[in-house]
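Reader: I would like a close look at one part of this model, namely the sheet and what packs against it. Please start from the overall layout and work inward.

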Amino acid sequence: MNKKYLVLPAVLVVAAAVVTAVSLWPTETKKQRGQNLCLGMLTEKTAGLLQDGKGGAVRVIEDDSSGVTAKSADPVFDTTCFVNRENSGSEGKGGMRLMYTLDVRSTSTLHDAPEGSTLVGAGRTGWVGQRQSEVQLPGGCAKKMRRPDAEYITVTLKISPVAIVGRDWNYASLMKDSRTTILEAVENLTKQYDCAA
């Protein structure tokens, strides 16, 4: 048997082993997504901060039905995280109540801060509003997240009217919890992609 015909199969076996090892190797992204909710952005404790005061277990739905046929390589850009509370038995109905949504998008412009919002601070660019908050990830994240053409990567949090009414329109309390929630999401994303400022 000619040994030159054994070289190609040997190279293919080694290449397959390397690809398998790399794909199974634990990474910060896999670790964060395995431990936390919303594709690794939130701990369960923080996910439950924004609520309507009626109790119920926190339930998270990571929905990737954005209607886009061409999905990106990273699900973080195609997924909206819906954070809900289960209805308790005393309310006489099953189901869940939406508290807020959280999503990550690449964009070429940042939204203007609405009236009544405050700067997020903590060395970050963005704002926390009464019903919506938006924070920009550090500049190096676009490249690490394989979005080199994106000018900005933003995390957006939108509060459900149910949570606002349940808090008796207490915007100061909502904004405090919104700030904590969105900053944890940003912090965990920068850890996943190793792109902290």
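What pattern does the protein follow when read along the sequence?

Author: This is a predicted model. Along the sequence, the pattern is α-α-α-β-β-β-β-β-β-α-β-α-α, with six helices and seven strands. Of the protein's 197 residues, 38% count as buried. Among contacts between residues at least 6 apart in sequence, 62% join residues at least 24 apart.

Now the sheet. Seven strands form an open sheet in the order E1-E2-E3-E7-E6-E5-E4, and the pairing is antiparallel. Its edges are strand E1 (58-63) and strand E4 (118-119), each of which pairs on one side only. Strand E3 (residues 96-107) and strand E7 (residues 152-159) run antiparallel and are joined by eight bridges. One residue pair shows the register: Ser 106 has Ile 153 in E7 as its bridge partner.

Helix H6 (residues 171-192) packs on this sheet. The helix touches E3, E4, strand E5 (125-128), strand E6 (132-136) and E7, and its direction makes about 145 degrees with that of E7.

The largest nonpolar core has 39 residues, of which Leu 102, Val 104, Met 145 and Val 155 touch the most other members. Strand E2 (80-86), E3, helix H4 (141-144), E7, helix H5 (161-166) and H6 each supply at least two residues of this core. H6 gives the most, with eight residues.

Leu 102 is worth a closer look. Beyond its neighbours within four places in sequence, Leu 102 is in contact with residues including Cys 38, Met 41, Leu 42, Cys 81, Val 155, Leu 157 and Ala 185.

Notes
Residues numbered from 1 in each chain as written. Predicted model: local features only at pLDDT ≥ 70, side-chain atom pairs only at ≥ 80, totals over all residues. Heavy atoms only, no water. Pairing = 2+ DSSP bridges. Helix = DSSP H or I, 4+ residues; strand = E, 2+ residues; numbered from the N terminus. Contact = heavy atoms within 4.5 Å. Axes fitted to C-alpha atoms, helices over the stretch in contact; angles between N-to-C directions. Core = buried A, V, L, I, M, F, W, Y, C linked by side-chain atoms within 4.5 Å. Buried < 20%, exposed > 50% of the residue type's maximum accessible area, 1.4 Å probe, protein only.
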